[in-house]
Amino acid sequence: MTVDTNVSKRVLIADDSAFMRKLISEIISSHPSLEVVGTARNGQEAVDKARLLKPDVMTLDIEMPVLDGLGALQQIMKENPLPVVMLSSTTKEGAENTIRAMEYGAVDFITKPGGAISLNLRDSEKIIIEKVFDASQIDMVKILPRRANATPSNSTVATTGTKLVVKPKRSFVSPTEGALPRSAVKQFIIIGTSTGGPRALQQVLVSLPKNVGVPILIVQHMPAGFTKSLADRLNSLCNISVKEAENGELIEKNTAYIAPGGKHLKVARVGVSYAIRLDDQDAPRMGHRPAVDVLLESVSELSELQFVTAIMTGMGHDGLQGMKILKEHCTTFTIAESEETAVVYGMPRAIQEAGLANISAHVQDIGKLLTEHVKS
């Protein structure tokens with residue numbers, strides 16, 4: 001993607017705190033290619049100003065009066081779709097609402113480390129500028145056809161291709177078959193993703209059959225406190241079980257393990273089985289912990305296994321070095337998400353251009369391809 005840095009991207013800021021509106025405006029305005037064109041004090045005003053000002057990108061607080069951030073987001077996506085970066089607290093409720101916002105069309109989120117009024121928000125200045133600028137480059141056409149619908153209170157709606165499936169919500173239940181002995185393990189599925197990933201993961205995981213027959217290991221770039229909500233949400237939608245990975249737990253088939261924010265995900269042989277190893281001591285890779293590279297490097301030591309991997313939407317090239325190592329040591333079939341469907345064609349582009357991808361595929365086809373290759 002070619003970016004014309006001479007053209008300023010117009011930003012709308014929505015937050016019910018006057019202090020936060022001023023602080024966020026100052027941070028964003030410090031970037032030469034970002035221009036704050038307006039602010040909004042509540043969700044309804046955010047909707048009205050998005051319609052009037054037609055910004056290129058906006059920040060939207062989740063907790064606001066009159067109309068909350070989720071309600072405003074849904075209305076904006078319906079009337080005047082544009083890239084939206086949510087501002088969220090790190091509370092459990094804030095994390096759950098953030099995951100819903102991603103389903104409704106938000107492209108990314110920023111955490112407020114100090115709560116609703118974050119006096120220390122300037123500590124995140126670099127992250128805010130990067131996320132808002134990166135969001136301003138996103139083509140919403142790639143997002144809107146995949147946007148999840150609002151869900152009824154007692155059921156969950158998931159879209160699988162053109163078929164609409166309504167399933168009751170459920171909590172995670174560990175499979176009864178127990179941990180797999182190493183002799184029974186032949187393959188793992190590994191998925192790496194970043195910006196735009198939660199929505200892409202939903203499309204892929206809901207299409208996997210309950211008896212896919214292998215474990216699935218996932219690295220989604222997210223801060224601590226949000227991956228548990230993501231896992232719980234996906235678990236309520238999928239036929240397979242989805243959970244946040246826990247240190248030391250034995251790996252079971254038909255279960256997807258999402259790396260916790262702030263910890264690298266690794267795999268170790270334990271007795272006759274395989275187990276999750278979480279590491280918060282190793283430094284972040286390219287700013288990420290968990291990092292896809294770390295997971296791929298870890299499993300490359302399990303030469304007795306075969307891997308089916310998918311690298312999907314995300315900024316940068318996390319996964320590139322790890323994939324090179326994995327391909328050198330293990331039998332691996334690799335899928336790179338296509339440019340046509342990737343919200344950000346960074347991570348899959350790196351895999352594709354390095355000649356490490358066996359196939360490039362639209363996100364709606366990746367689940368089927370994963371299933372076919374572990375069954376073959």
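**Figure 1. A look at what lines the largest pocket.** The lining of the largest pocket mixes 14 nonpolar, twelve polar and seven charged residues. Keep in mind that this is a predicted model. The pocket holds about 970 Å³ of space. Two elements each give two or more residues to its lining: strand S5 (108–111) and helix H5 (125–136). Helix H5 gives the most, with five residues.

**Figure 2. Zooming in on the centre of the largest pocket.** Which residues of the lining lie nearest the centre of the largest pocket? They are Ile 127, Lys 131, His 221, Gly 287 and His 288, out of 33 lining residues.

**Figure 3. The cavity.** Searching the whole structure for cavities of 30 Å³ or more turns up one. The volume of this largest cavity is about 30 Å³. Three helices each put two or more residues into the lining: H4 (92–104), H6 (197–205) and H7 (227–237).

**Figure 4. Who's who around the cavity.** Here are the residues that line the largest cavity: Ile 99, Met 102 and Glu 103, then Pro 198, Arg 199 and Gln 202, and finally Leu 230, Arg 233 and Leu 234. By class, this lining has five nonpolar residues, one polar residue and three charged ones. How does anyone spot such a space? Rolling a probe the size of a water molecule over the atoms reveals where empty space remains.

**Figure 5. Helix H9 and its buried face.** Helix H9 covers residues 320–329, and its buried residues are Leu 320, Gly 322, Met 323 and Leu 326. Looking down the axis of H9, you'd find these buried residues within an arc of 155°, so they line one face of the helix. An α-helix has 3.6 residues a turn, so residues three or four places apart point the same way.

**Figure 6. What sits over the buried residues of H9.** Which elements help cover the buried residues of H9? Among them are two helices, H8 (292–299) and H10 (347–353), together with two strands, S14 (306–311) and S15 (331–337).

**Figure 7. Two cysteines, Cys 238 and Cys 330.** Are these two buried or exposed? Cys 238 has a relative accessibility of 1%, so Cys 238 counts as buried. Cys 330 comes in at 7% relative accessibility, and therefore Cys 330 counts as buried too; the cut-off for buried is under 20%. As for disulfides, a search of the whole structure finds zero.

Methods. Residues are numbered from 1 along each chain as its sequence is written. This is a predicted model: local features need pLDDT of at least 70, side-chain atom pairs count only at pLDDT 80 or more; totals for chains, interfaces and linings use all residues. Side-chain values use heavy atoms; hydrogens and water are left out. On a 1 Å grid over the protein atoms alone, a cavity is a set of points where a 1.4 Å probe fits but cannot get out, and a pocket is an open set with protein on both sides within 12 Å along at least five of seven lines; lining residues have an atom within 4 Å of a point. Grid points are joined across faces, edges and corners, and a volume is the space filled by probe spheres set on the points. Helices (H or I, at least four residues) and strands (E, at least two) are DSSP runs, numbered from the N terminus. Ala, Val, Leu, Ile, Met, Phe, Trp, Tyr, Cys and Pro count as nonpolar, Asp, Glu, Lys and Arg as charged, and the others, Gly among them, as polar. A disulfide is a pair of cysteine sulfur atoms within 2.5 Å. Buried means under 20% relative accessible area, exposed over 50%, partly exposed in between (1.4 Å probe, protein chains only). The arc is that of the directions from the helix axis to the C-beta atoms. Contact means heavy atoms within 4.5 Å.
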